[in-house]
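Hi,

Here is the structure I promised to pass on. Have a look at it first, and my notes on what turned up follow underneath.

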Amino acid sequence: MALVELRNVSKIYQLGGEEIRALDDVSLDIESGEFISIIGPSGSGKSTLMHILGCLDSPSKGTICLDGVMIQDASARQLAAIRNRKIGFVFQFFNLLPKLNVTQNVELPMIYSGIGSAERKKRALAALESVDLVNRAKHRPSQLSGGQQQRVAIARALVNDPKIIFADEPTGNLDSHTGDAILTLFRRLSQSGRTIVLVTHDPEIAAVTPRRIEIRDGKIAVKVDLTLAGLAGGRRNPDGAEPPKPA
Amino acid sequence: MSKDHIQPPAEVLLNTRAQLGIMVVAGVSEIWAHKFRSMLTMLGIILGVSSLVAMSAMVSGMEKGAKEALIAIGGLEKVRIESQDLPVYQRHLSDQAVGITINDVYALQRTAPLVTKLSPEMRLPASVSANGKTFRPWVCSGVWPVALEMGEHVIEHGRMINELDDEMARNVCVIGTATRDELWGPPEKTGKEIIPLGETIYMNGTPFTIVGMFKHYESEQERKTRELAKLQAQLQPQPSGGVSRDRGHGGGGGRRRGNFVFYLKNSTVYIPLNTMWMKFRSGMSFTGFGGGFQPTGGAGGSTGDPRLSSLELRVQSVDLLPESLQQVQNVLTSTHKGIEDFTFRTQEDWAEQINTFVSNARLSGGLIAGISLLVGGIGIMNIMLASISERVREIGIRKSVGASTVDIFVQILVESVLIAIMGGLAGMVASFGLVAMLSSFSPTDNAPIITVATLLVAFSFSVLVGILAGIFPAIKAARLNPIQALRYE
Ligand SMILES: Nc1ncnc2c1ncn2[C@@H]1O[C@H](COP(=O)(O)OP(=O)(O)OP(=O)(O)O)[C@@H](O)[C@H]1O
Ligand SMILES: [Mg+2]
């Protein structure tokens with residue numbers, strides 16, 4: 001069973017009688033350990049898809065199974081626990097709490113999983129070490145550069161050892177050099193076995209991932225699968241989309 | 001493989017408890033981050049709590065004073081019998097209504113065992129003069145020696161009038177300190193206490209010898225103020241003018257009248273009942289008598305039965321009061337041949353009045369304090385709503401890393417309660433200042449009393465207000481959709 005199984009998921013907004021299909025009948029599997037990018041133009045529904053995958057939002061139609069749990073049946077409290085334990089988010093605007101220092105920001109998810117303060121400190125330091133920011137542990141987010149802030153956000157996403165990490169335009173607010181550093185960090189994490197979903201509108205960034213999914217108008221348009229399983233044609237194709245045409 | 005990763009409820013509860021400490025710390029730093037606006041918000045609670053405590057303290061003070069006064073006039077076991085108008089259906093018998101006479105006293109002594117003491121009284125509207133001055137005491141009565149105990153009087157100098165004085169109708173009297181103060185001057189003025197034993201005073205022109213003087217009655221508060229003034233006077237270096245110096249308007253100046261009950265008691269002159277009857281029978285006043293019956297006409301006098309202004313009696317215990325009253329009623333009905341020209345007055349009426357007054361005062365005070373607490377609560381709610389709309393993004397972030405609705409709810413509620421608690425504590429401190437200020441503005445005999453219970457009640461109210469004010473903002477925050485919260489700029 002795949003880590004994430006999305007089946008016929010739609011997200012429909014009603015705006016003044018008009019129906020906006022932010023996601024339109026999307027089916028998708030994500031295996032444990034994969035490094036996937038979701039690419040598409042602005043307004044195509046990438047963020048919507050990521051929010052639904054990350055249990056921040058609920059679909060209008062369809063089912064999601066994450067790590068064996070049927071999300072659409074879960075209670076609000078269970079969803080919060082799933083976000084807490086199994087999912088890590090990295091956002092375009094970093095989304096650190098400005099009143100807390102770096103360590104406290106990284107500790108935040110562990111507070112909601114009820115981990116004791118000594119253990120929290122230890123794990124936060126370890127996570128900061130993995131993004132090479134131990135020396136900034138006591139600083140406020142406002143005292144850090146954008147790239148450093150994003151690394152803190154990544155440390156926060158990692159700290160509860162989640163099953164999957166979602167990153168929405170993680171380099172969107174950074175210059176290309178700093179962006180590259182962040183991408184390198186993601187690649188390294190992927191190599192160490194993390195499951196990562198990277199949302200971007202930039203094909204160059206998407207190129208770093210073995211598997212790419214392109215979305216247009218809420219639908220999956222193109223899939224590129226360079227993983228062994230994909231190349232061997234062994235992957236199920238739940239949405240029945242056309243296999244990519246050789247360029 | 002995964003359901004067990006989702007927390008079971010017990011663990012959630014445990015986590016919530018562990019988080020509470022973190023949330024309190026976070027709440028305090030949030031309040032600290034907005035010091036000024038938090039303080040303004042607390043002001044409402046401070047006012048509410050301090051006015052609640054101050055009100056309650058003042059009412060407690062008054063209650064204590066009133067209870068002291070009640071005991072000073074003889075407690076609840078005392079019953080007063082007075083003459084009264086005949087009821088309408090007995091009006092035609094008015095010429096036979098003799099009022100309360102000494103015969104009633106003898107009859108009660110014989111046949112009403114539940115009555116332990118009987119004190120007849122004849123009142124005279126008199127003025128007394130001596131030492132070149134004249135004074136109209138509040139009470140000038142002919143009584144039996146038992147009036148001493150009945151009126152809770154204490155002889156400080158000399159003696160009470162005795163049986164022999166009464167039998168022989170001697171011209172002797174016992175006075176209270178107010179009479180002495182008026183005729184010879186108070187100790188504060190004269191520098192030493194004058195004890196006019198053996199002096200002669202003229203009561204409506206008739207000379208009487210003073211054989212005794214009561215102690216000075218005062219409320220506890222009066223006593224304290226007086227002693228303090230005395231102490232201050234002693235500590236003050238005396239200028240060469242020395243003893244005769246009039247300390248006039250100063251702290252120790254002329255004795256204030258203080259509580260009326262005590263003043264009334266001090267302003268008493270007692271003479272033997274028989275003396276009153278022999279010397280003043282034509283001038284006596286019969287309280288409680290209405291038209292149609294002229295006491296000066298001497299209807300009582302003509303029958304030869306000495307008529308009383310009132311009759312005070314004491315019963316064995318308050319518990320037996322209804323039975324005792326019934327007994328007295330039976331005896332008097334038979335001696336008065338069924339004519340209902342008398343009435344009972346118990347102190348219970350007064351005690352009840354005190355209680356009604358106290359509960360009214362508490363109610364209105366509580367209402368005012370309640371309203372200001374309510375306003376304080378609205379202030380807290382307002383500031384919490386403002387605070388969460390500033391922190392939509394923060395709430396979204398917290399939810400995205402796994403905060404549940406309960407976590408957010410508790411966080412906002414804790415903040416609101418913290419503001420209320422801080423306000424409540426400050427209000428309790430402020431209430432002491434407020435009480436001190438109020439009692440310095442308008443000094444009364446009844447110093448306000450701040451009780452621990454009042455403080456606890458006021459504090460719990462402030463916590464309650466914090467909870468109530470926090471619930472709505474907390475629900476609003478907890479319900480925020482994380483996506484909208486994250487998209488919010
Ligand atoms: N709350 C909402 N109400 C109505 N329409 C919405 C709402 N949220 C998103 N949409 C619409 O859904 C569509 C998809 O939005 P989404 O944010 O997923 O796009 P995106 O691919 O992430 O774009 P970008 O690259 O600009 O971030 C858009 O057309 C957007 O207007
Ligand atoms: Mg987006």
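To start with, how many Å separate the centres of domain 1 of chain B and domain 2 of chain B? Taken over C-alpha atoms, the answer is 53 Å. Domain 1 of chain B is made of two stretches, 18-68 and 355-487, while domain 2 covers 127-281. Please keep in mind as you read on that this is a predicted model.

Chain A in outline

Chain A has eight helices and ten strands. Its C-alpha atoms fill a box of roughly 50 × 40 × 40 Å along the principal axes. Is that what you'd expect of a globule? Here the radius of gyration helps: a compact globule of 247 residues would have a value near 18 Å, and chain A has 18 Å, so the two agree.

As for what is hidden, 54% of the 247 residues of chain A count as buried. The accessible surface comes to about 10800 Å², and carbon and sulfur atoms hold 51% of that. If you look at contacts in chain A with a separation of 6 or more, residues 24 or more positions apart account for 68% of them. On the charge side, chain A carries 31 positive and 27 negative charges, and the mean positions of the two sets are 7 Å apart.

Chain B in outline

Chain B has 17 helices and twelve strands. Buried residues make up 48% of its 489 residues. Its accessible surface is about 23700 Å², with 61% belonging to carbon and sulfur atoms. Among chain B contacts with a separation of 6 or more, 80% come from residues 24 or more positions apart.

Some residues to click on in chain A

Try Q149(A), which sits in helix α5, residues 146-158 of chain A. Its relative accessible area is 16%, and because the cut-off for buried is under 20%, Q149(A) counts as buried. Which residues does Q149(A) touch, not counting those up to four places away in sequence? They are F94(A), L96(A), P141(A) and L144(A).

From there, go to N95(A), in the loop between β6 (87-90) and α3 (102-112) of chain A. This one is buried too, with a relative accessible area of 4%. What caught my eye is the backbone: N95(A) has a positive phi of about 55 degrees although it is not a glycine. For background, most residues other than glycine have a negative phi.

One further stop in this chain is V69(A), in strand β5, residues 69-70 of chain A. V69(A) is at 2% relative accessibility, so it counts as buried. L79(A) is ten residues along the chain from V69(A), and the C-alpha atoms of the pair are separated by 10.0 Å.

And some in chain B

A169(B) also has a positive phi, about 50 degrees, although it is not a glycine. You'll find A169(B) in the loop between α5 (163-167) and β7 (172-175) of chain B. Is A169(B) buried or exposed? At 14% relative accessibility, A169(B) counts as buried.

Next comes P306(B), in the loop between α11 (299-303) and β11 (310-315) of chain B. P306(B) is buried, with a relative accessible area of 18%. Leaving aside neighbours within four places in sequence, P306(B) is in contact with I100(B), T101(B), I102(B), M122(B) and W277(B). For a sense of distance, P306(B) and G198(B) are 108 residues apart in sequence and 29 Å apart in space, C-alpha to C-alpha.

Last on the list is I483(B), in helix α17, residues 482-487 of chain B. I483(B) has 4% relative accessibility and counts as buried. Which residues is I483(B) in contact with, leaving aside its neighbours within four places in sequence? They are H51(A), L56(A) and D57(A), so have chain A on screen when you look at I483(B). Within chain B, I483(B) and R393(B) are 90 residues apart in sequence and 9.6 Å apart in space, C-alpha to C-alpha.

Happy browsing!

Key: Residues numbered from 1 in each chain as written. Chains lettered and ligands numbered in written order. Predicted model: local features only at pLDDT ≥ 70, side-chain atom pairs only at ≥ 80, totals over all residues. Heavy atoms only, no water. Helix = DSSP H or I, 4+ residues; strand = E, 2+ residues; numbered from the N terminus. Rg over C-alpha atoms; globule rule 2.2 N^0.38 Å. Buried < 20%, exposed > 50% of the residue type's maximum accessible area, 1.4 Å probe, protein only. Contact = heavy atoms within 4.5 Å. Areas by Shrake-Rupley, 256 points an atom, 1.4 Å probe, with all protein chains shown as cover. Lys, Arg positive; Asp, Glu negative; His and termini not counted. Charge placed at Lys NZ, Arg CZ, Asp CG, Glu CD. Domains from an automatic or database assignment.
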